[in-house]
Amino acid sequence: MIKNLLYGLVAVVLLLVAAGAAAWLVKGEQWRTEYAAYRKTGAPVLMYHAVGYETGPDWPRSLIMGPELFEEHLRYLKEQGYTMVTVEQLAKRLEQGQSVDKYVALSFDDGYKNNHSVALPIMQKYDAKGSFFVINKEMGDKEHMNEAEIKEMIAAGMELGSHTYSHAPLAKIDTKYLVWELDTSRYWLKKKFDGYIVRTLAYPNGSYNKTVTEAAQKYGFYRALTGHIGLNTAATYKAAPMEMYRVNVVDDGKGLEGFKRRLEQAYFFGFLQTKGIDINPLRDLFASY
């Protein structure tokens, strides 16, 4: 039964993609003109994890970006005229109605040590800023940044964000633990890092619901990142600051061309959403199986 349901979901996704492509062909020049204008109204948030050469059963390929490829990404963005900022910096521009044309925010989940030792020097080379989301209980172990390394990241102009206290999928845990995962996480980070106020959250595994977003706001977060693909505009941010879009960047074996396609997804899927076509709800259904 589940197998048949999955086949059905695949069929629906394919139909949506086909509908989008067909509409694009029918609308032709009108949509191309609208799309060019739309691209200037918002900015993508890119999601990275580890940047290094780690291998082994604990390091799935989807979590690792080689340093050379990561540098290619930043070089490409720089050459294309992008300004690479933190999520907080992007959010403030959206709040203030400032232009975000050719802006992109970099985000890194889990707080791996190579974010400091490998990613940071490359980012500084290209004048890039980013947001690093740490898991409280894993900080300082052999794979994750310690206090001194995180302090160096903050001093370098990077944003420190929360990936919750234990990386639990927030929509699936007992709601009584949300105070621990969210409020305790922020309090603990403030104590560790000289009063640093964390205002940005990244949902572990993209798991959230209305109860979670309300709790996050209650416990002091101003904004949060999902796993949904789209473009962050002033309108989307005003409507749902706790549901910011971002696109997962992985090494898919296609080099820089693979990165370009993922970057374009953020713009194109965001544009389709303005036309009433959104594949994210279906992606959520797939994630539940």
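Helices here are DSSP runs of at least four residues and strands are DSSP runs of at least two, both numbered from the N terminus, and with that in hand I can place methionine 244, which sits in the loop between helix H9 (234–239) and strand S12 (247–248). Before I go further, please keep in mind that this is a predicted model.

Let me stay with methionine 244 for a moment. Its relative accessible area is 1%, and because anything under 20% is called buried, methionine 244 is a buried residue. If we set aside residues up to four places away in sequence, methionine 244 touches Val45, Val87, Leu90, Arg223, Ala224, Leu225, Thr226, Asn232 and Tyr237. For one of these, threonine 226, I can also give you a backbone separation: its C-alpha atom and that of methionine 244 are separated by 5.9 Å, with the two positions 18 residues apart along the chain.

Now the chain as a whole. The protein chain holds eleven helices and twelve strands, and of its 289 residues, 48% are buried. Taking the contacts with a separation of 6 or more, 68% are between residues 24 or more positions apart. The accessible surface comes to about 13800 Å², and carbon and sulfur atoms account for 55% of that surface.

I would like to turn next to helix H3, which covers residues 67–79 and includes phenylalanine 70. Is phenylalanine 70 buried or exposed? With a relative accessible area of 0%, phenylalanine 70 is buried. Leaving aside neighbours within four places in sequence, phenylalanine 70 is in contact with Tyr48, Val51, Met65, Phe108, Ala119, Ile122 and Met123. The C-alpha atom of phenylalanine 70 is 9.8 Å from that of valine 118, a residue 48 positions away along the chain.

Glutamate 71 is also placed in helix H3, and at a relative accessible area of 16% glutamate 71 counts as buried, because the limit for that class is under 20%. Which side chain does the side chain of glutamate 71 meet in a polar contact? The partner is tyrosine 126, at 2.8 Å. Beyond the four places on either side in sequence, the residues in contact with glutamate 71 are Ile122, Lys125 and Tyr126.

Helix H3 also packs against helix H10, residues 255–274, at an angle of about 55° and with the axes 10 Å apart. That angle makes H3 oblique to H10, and the crossing in which H3 passes H10 is right-handed. On the H3 side the residues that meet H10 are Leu69, Glu72, His73, Tyr76 and Leu77, and on the H10 side they are Gly255, Leu256, Phe259, Lys260 and Leu263.

A second helix pair deserves a description alongside that one. Helix H5, residues 113–125, and helix H6, residues 147–155, pack at an angle of about 45°, and their axes lie 9 Å apart. H5 and H6 are therefore oblique to each other, and H5 passes H6 in a left-handed crossing. From H5, Lys113, Asn115, His116 and Leu120 take part, meeting Glu149, Glu152 and Met153 of H6.

Between strand S7 (130–134) and H6 there is a loop, and asparagine 136 lies within that loop. Asparagine 136 is buried, with a relative accessible area of 2%. Its side chain is joined to the side chain of serine 185 by a polar contact of 2.8 Å. Not counting residues up to four places away in sequence, asparagine 136 touches Thr164, Tyr165, Ser185, Trp188 and Leu189.

Threonine 164, which appears in that list of residues touched by asparagine 136, brings me to the backbone. Most residues other than glycine have a negative phi. Threonine 164, however, has a positive phi of about 75° although it is not a glycine. Threonine 164 is found in the loop between strand S8 (159–162) and helix H7 (178–192), and at 0% relative accessibility threonine 164 counts as buried.

Where does aspartate 127 lie? Aspartate 127 is in the loop between H5 and S7, and its phi is near 55°, again a positive value in a residue other than glycine. Aspartate 127 is exposed, with a relative accessible area of 52%, whereas threonine 164 is buried.

Methods: Residues numbered from 1 in each chain as written. Predicted model: local features only at pLDDT ≥ 70, side-chain atom pairs only at ≥ 80, totals over all residues. Heavy atoms only, no water. Buried < 20%, exposed > 50% of the residue type's maximum accessible area, 1.4 Å probe, protein only. Contact = heavy atoms within 4.5 Å. Areas by Shrake-Rupley, 256 points an atom, 1.4 Å probe, with all protein chains shown as cover. Polar contact = N/O pair within 3.5 Å; in protein donor to acceptor, adjacent residues only side chain to side chain. Axes fitted to C-alpha atoms, helices over the stretch in contact; angles between N-to-C directions. Parallel < 35°, antiparallel > 145°, perpendicular 65-115°, else oblique. Left-handed = near helix turned anticlockwise from the far one by under 90°.
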